[in-house]
Amino acid sequence: MRIAPGPPPLTGGGGDLAAACAYANGFDQDAKPFAGSATPIACRDKSAATAAVGTYKPNAFGLFDTAGNVASWTADCWNASIARVPADGTARTDGDCRRHVMRGGSWADTSLAAADRAGVPAGRATVGQGFRLARVL
């Protein structure tokens with residue numbers, strides 16, 4: 001993740017799927033369909049699979065690469081509810097720790113919302129999963 005130079009843009013992709021391809025790499029018209037794939041998003045992001053860092057516009061906060069490309073592994077143990085998630089940003093360590101929370105979507109998904117979450121077995125790996133590194137500046 002890198003910070004955009006200058007002031008952040010006043011508008012972003014938000015929930016507008018037609019604008020999504022400017023901000024994130026999802027399953028769109030440029031993706032290669034695969035067995036069981038959904039109907040692609042009606043835009044083109046110029047990437048058939050994963051894309052290079054910084055390919056897309058920054059979000060309204062000036063942050064690049066916060067949505068799409070790969071869904072993000074987290075350190076949180078799986079719980080069906082988000083109730084009792086630590087407010088300080090530490091990992092949730094109660095629940096089913098044989099599975100961890102995967103957030104967001106990838107180049108193979110039509111939903112790229114950070115709020116999307118699934119419990120994925122530890123050790124499972126696919127081309128649509130990854131992790132993001134962040135540091136406090």
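# A walk through a helix and four strands

Let's start from the outside: the accessible surface of the protein comes to about 8,500 Å², and 61% of that belongs to carbon and sulfur atoms. Keep in mind as you look around that this is a predicted model. Of the 137 residues, 31% count as buried.

Now for the fold itself. The protein has one helix and four strands, and reading along the sequence gives you the pattern α-β-β-β-β. As for how the chain comes back to itself, take the contacts between residues at least 6 apart in sequence: 52% of them join residues at least 24 apart.

The helix is a good place to begin. Helix H1 covers residues 17-23, and Ala20 lies in it. Is Ala20 buried or exposed? With a relative accessible area of 15%, Ala20 is buried, because the cut-off for that label is under 20%. Ala20 also gives you a handy ruler across the chain: Ala20 and Lys57 are 37 residues apart in sequence, and their C-alpha atoms are 10.0 Å apart in space.

Moving on from H1, you enter the loop that runs to E1, and Asp65 is found there. Have a look at its backbone: phi of Asp65 is near 60 degrees, a positive value in a residue other than glycine. That's worth a pause, because most residues other than glycine have a negative phi. Asp65 is a loop residue, and it is buried too, with a relative accessible area of 17%.

Next comes strand E1, residues 71-78, with Ser72 in it. Which residues does Ser72 touch, leaving aside its neighbours within four places in sequence? Ser72 is in contact with Val101, Met102, Arg103, Gly130 and Arg132. Its relative accessible area is 11%, so Ser72 counts as buried.

Ser72 also takes us to a pocket. Rolling a probe the size of a water molecule over the atoms shows where empty space is left. In the second largest pocket, that space amounts to about 340 Å³. The pocket is lined by 16 residues, and those nearest its centre are Thr66, Ser72, Thr74, Arg103 and Arg132. Two of these names should ring a bell, since Arg103 and Arg132 are among the contacts of Ser72. Which element gives the largest share of the lining? That would be strand E1, with three residues. By type, the lining of this second largest pocket divides into eight nonpolar, six polar and two charged residues.

Carry on past E1 and you reach the loop between E1 and strand E2 (96-103), where Arg84 has its place. Here's another positive phi in a residue other than glycine: the value for Arg84 is near 70 degrees. Whereas Asp65 is buried at 17%, Arg84 is exposed, with a relative accessible area of 64%.

Arg84 also leads into the charge pairs. Side chains of opposite charge can pair when their charged atoms come close. How many salt bridges does the structure hold? There are five. A network of salt bridges links Arg84, Arg92 and Asp94. Within that trio, the side chains of Arg92 and Asp94 meet at 2.8 Å, N to O. How covered are these two partners? Arg92 counts as buried at 7% relative accessibility, while Asp94 counts as partly exposed at 29%. Put that beside the exposed Arg84 at 64%, and you have a buried, a partly exposed and an exposed residue linked in one network.

A little further along the sequence, Asp96 has two partners to look at. With Arg98 it forms a salt bridge in which the closest N and O atoms are 3.2 Å apart. With Arg99, the side chains meet in a salt bridge at 3.0 Å, N to O. Asp96 itself is buried, with a relative accessible area of 19%; that falls under the 20% cut-off, which is why the label applies. As for the arginines, Arg98 counts as exposed at 65% relative accessibility, and Arg99 counts as partly exposed at 28%.

Key:
Residues are numbered from 1 along each chain as its sequence is written. This is a predicted model: local features need pLDDT of at least 70, side-chain atom pairs count only at pLDDT 80 or more; totals for chains, interfaces and linings use all residues. Side-chain values use heavy atoms; hydrogens and water are left out. Helices (H or I, at least four residues) and strands (E, at least two) are DSSP runs, numbered from the N terminus. Buried means under 20% relative accessible area, exposed over 50%, partly exposed in between (1.4 Å probe, protein chains only). Contact means heavy atoms within 4.5 Å. Accessible areas come from the Shrake-Rupley method with a 1.4 Å probe; for residues, only the protein chains shown count as cover. On a 1 Å grid over the protein atoms alone, a cavity is a set of points where a 1.4 Å probe fits but cannot get out, and a pocket is an open set with protein on both sides within 12 Å along at least five of seven lines; lining residues have an atom within 4 Å of a point. Grid points are joined across faces, edges and corners, and a volume is the space filled by probe spheres set on the points. Ala, Val, Leu, Ile, Met, Phe, Trp, Tyr, Cys and Pro count as nonpolar, Asp, Glu, Lys and Arg as charged, and the others, Gly among them, as polar. A salt bridge is a side-chain nitrogen of Lys or Arg within 4 Å of a carboxyl oxygen of Asp or Glu.
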